[in-house]
Amino acid sequence: MQVRSLDSWIRKKIEAVRSVPPFSRAALAHYQLYMIQRTVDYACTHSRFYRDYLNEWSGKRLQSWEDVAHLPFTTAEHLYEQGLKLVCVSLGDIERVVTLDTSGTVARPKRLYFSRGDIASTVEFFRNGLTLFVSPPESAAVLLPADREGSAGDLVRKALQQLSVTAIVPGPVVDPQATLKLLGEHRVSLIIGIPTQVLALARSRTAATLNQGAKTVIPCSDYVSEAIVEAIHEAWGCLVVSHYGSTEMGLGGGIECRFCRGYHFREADLYVEIVDPETGTPVPDGEYGEVVFTTLTRTGMPLIRYRTGDRAKFFSDPCPCGTVLKRMERVRRRVDGLTVLRDGGHVTMADLDEALFRVPGVDDFEAILTREERETLHLRFSLQTGSESEAARGLQGALLEVPVIAAAVAGGSLAIGDVSRVSSIRLTNSPAKRTISDQRKLLSSPSGRG
């Protein structure tokens, strides 16, 4: 099976720019090196930030991938501090500005600027990616924020409309029963939504009767654990595929094919690297590192070697689907996404997701780490079906199945605190990524020891 829609779309985009050999990895590499050079030249000419930042590269030719690996990184700090200096067009040519949550920092807000062409390119990617899973006269449900022009849900809706697929766009799930009823009435074959919210639908007491038509589910906007994938598949017997992207990428980055063995990227628009987070040196396929990308066709605010902070690896073997596109493992955590416990062990949200989402009925949770008489881990959870007391006991037991937590509890450096239910389906009604709430610093001693 070929990923024909993505391959043919990317091939056409490449051929529109310059003549290349038959579509292959070599052709992609040839095109991407050329486009990186063009992006560097464009940014140095039109961006006040890159004009200074890449001054030594202005006018130089990138002869090889070794040259590319010597280009300096762009970071989130640059977006905070430089802001408009990264923009390469007049503000009148900017179609969409996205302001990202700064998570309490006192720095300037992080803003991303997109031209009309940048947004159209993302819609193109969504359209060609979704062709793998839905076609007319089928319908699809978009359970993402879509009230603003250019938002993720709005772009997906436009992509579906271009495919002549009926788009049902109720937005993020607030009432699972009402959403399930809507999906059942329209017999949607594709569901796109926030992972924990889709899990809540799948674990609802009426999930089976109200949603019998779903063939494919695409959880997106946050990490998707295998536990969530398995629970959704078990409830509906459908294919569950993942999408990888970020606002910095232009919302669309890569999507899995039906084999679900890694993301295939929009490689005509993005050059993606995996680098050693300490040295910044690209690592061989098969080795873990930090995901770094360069935009190849963006005009509003191009980004050159942008450090995402995500940790992943490229697979060294080809995908069974036969595409020539590279294949990256699902992102499971951030490079700095480790929560270090007092005994030196470390735990990630992904560790907790894999363990806790296997407890029947649980559709969301918040983990809170505090320092009382000793380090204490508390849980607040949301439950779709089953007994609250049984779920609480199940969660306590599941925590002890996480080796790092079990070792810390056995050693006396960590205690399991309150495990209680909350009524909301979402502890946060936004697609923001879930993290462990570390409140130890708020309660630490003046010496800073926690």
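Biologist: What makes the lining of the second largest pocket nonpolar, polar or charged by class in this predicted model?

Modeller: The model is predicted, and by class the lining of the second largest pocket has 12 nonpolar, one polar and five charged residues. Tyr and Phe count as nonpolar, whereas Glu and Lys count as charged, so Y271, V272 and F314 fall in the nonpolar class and E273 and K326 in the charged class. Those five are the closest to the pocket's centre of the 18 residues that line the pocket, which has a volume of about 350 Å³.

Biologist: Which elements supply at least two residues each of that lining, and how do you know which gives the largest share?

Modeller: Helix 2 (25-46), helix 4 (65-69) and strand 11 (270-275) each supply at least two residues, and the largest share, five residues, comes from strand 11. Among the residues closest to the centre, Y271, V272 and E273 lie within the range 270-275 and therefore belong to strand 11.

Biologist: Why is the space lined by R96, V98 and F114, among others, called a cavity?

Modeller: A cavity is a set of points where a 1.4 Å probe fits but cannot get out, whereas a pocket is an open set. By this rule the count comes to two cavities of 30 Å³ or more, and the largest cavity, with a volume of about 60 Å³, is therefore counted under that cut-off. Its lining also includes D118, I119 and T122, and helix 6 (116-130) gives the largest share, three residues.

Biologist: How do you know which classes are present in the lining of the second largest cavity?

Modeller: The second largest cavity, of about 50 Å³, is lined by T339, L341, V347, L369, L377, I405, L414 and I436. Leu, Val and Ile count as nonpolar, and Thr is among the others, which count as polar, so T339 is the polar residue here. By class this gives seven nonpolar, one polar and no charged residues.

Biologist: What makes a set of residues a nonpolar core, and which residues have the most contacts inside the largest one?

Modeller: The members must be buried residues of the listed nonpolar types, joined through side-chain atoms within 4.5 Å, and buried means under 20% relative accessible area. The largest nonpolar core has 76 residues, and L130 and M328 have the most contacts inside it. Helix 2 gives the most to this core, with eight residues. A second, separate core of 50 residues includes V198, A214, F381 and V402.

Terms used: Residues numbered from 1 in each chain as written. Predicted model: local features only at pLDDT ≥ 70, side-chain atom pairs only at ≥ 80, totals over all residues. Heavy atoms only, no water. 1 Å grid on protein atoms, 1.4 Å probe; cavity = no way out; pocket = protein on both sides within 12 Å on 5 of 7 lines; lining within 4 Å. Points joined across faces, edges and corners; volume = space filled by probe spheres on them. Helix = DSSP H or I, 4+ residues; strand = E, 2+ residues; numbered from the N terminus. Buried < 20%, exposed > 50% of the residue type's maximum accessible area, 1.4 Å probe, protein only.
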